[in-house]
Amino acid sequence: MLPWSLPEVLPVPTPYNVLLRNKTAQKGWQEICARDAQGANEAWQFLTTNPETRIPGKVKRLKGKLAGLLQYDVNYSDRLQYWVDKETNTVWVEYAGPHP
């Protein structure tokens, strides 16, 4: 017998709404979906469940003039740049597309 036990019900992550901030982000997201459906699906799952979790080589905080944004690397060439409104559980995607 283990000295500890798991709770009967594990906490479920708070779901986030994902909104594309502008037409450029909307067009970029559509293009990513067309190029890499699996990568887009993985990105969507990540953004709706754990958007602030840093993953080396995948998710990082941006610096300099883009400070305050997070970047998710969908694949080798495509990125999502976004910020999280914690009060409304909303992920605002500012940019979607190839490395700017």
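In the predicted model, N17 stands opposite T90 in β5. Strands β1 and β5 run parallel and are joined by 4 bridges. On the β4 side, the pairing has the antiparallel sense: β4 and β5 share 8 bridges. Within that pairing, Y82 stands opposite V93 in β5. The hairpin of β4 and β5 has 4 residues between its strands. One of the residues of this hairpin, N89, takes a positive phi near 50 degrees.

D85 belongs to strand β4. Its relative accessible area is 22%. The cut-off for burial is under 20%, and exposure begins over 50%, so D85 counts as partly exposed. Beyond its neighbours within four places in sequence, D85 is in contact with T90 and W92. T90 is also the residue that N17 faces. D85 further comes within 9.4 Å of Y16, C-alpha to C-alpha, although 69 residues separate the two along the chain.

Helix α1 covers residues 23-35. It has 13 residues and reaches 18 Å from its first C-alpha to its last. This span is close to the 18 Å expected at 1.5 Å a residue. N22 caps the N-terminal end of the helix. The cap places a side-chain oxygen of N22 3.2 Å from the backbone nitrogen of T24.

The buried residues of α1 are A25, G28, W29 and I32. Seen down the helix axis, they fall within an arc of 105 degrees, so they line one face of α1. The spacing fits a general rule: an α-helix has 3.6 residues a turn, so residues three or four places apart point the same way. The face turned away from the buried side carries the exposed residues K23, K27, Q30 and A34. The cover over the buried residues of α1 includes both helix and strand elements: α2 (37-49), β1 (17-20), β4 (78-85) and β5 (90-98). Two of these strands, β4 and β5, form the antiparallel pair described above.

P98 is found in strand β5. With 41% relative accessibility, P98 is partly exposed. Its C-alpha is 8.6 Å from that of I32, and the two residues are 66 apart in sequence. I32 is among the buried residues of α1. Leaving aside neighbours within four places in sequence, P98 is in contact with R35, S77 and D78. Of these, R35 lies in α1, which spans residues 23-35, and D78 lies in β4 (78-85).

Conventions: Residues numbered from 1 in each chain as written. Predicted model: local features only at pLDDT ≥ 70, side-chain atom pairs only at ≥ 80, totals over all residues. Heavy atoms only, no water. Helix = DSSP H or I, 4+ residues; strand = E, 2+ residues; numbered from the N terminus. Expected span 1.5 Å × (residues − 1). Buried < 20%, exposed > 50% of the residue type's maximum accessible area, 1.4 Å probe, protein only. Arc of directions from axis to C-beta. Contact = heavy atoms within 4.5 Å. Polar contact = N/O pair within 3.5 Å; in protein donor to acceptor, adjacent residues only side chain to side chain. Pairing = 2+ DSSP bridges.
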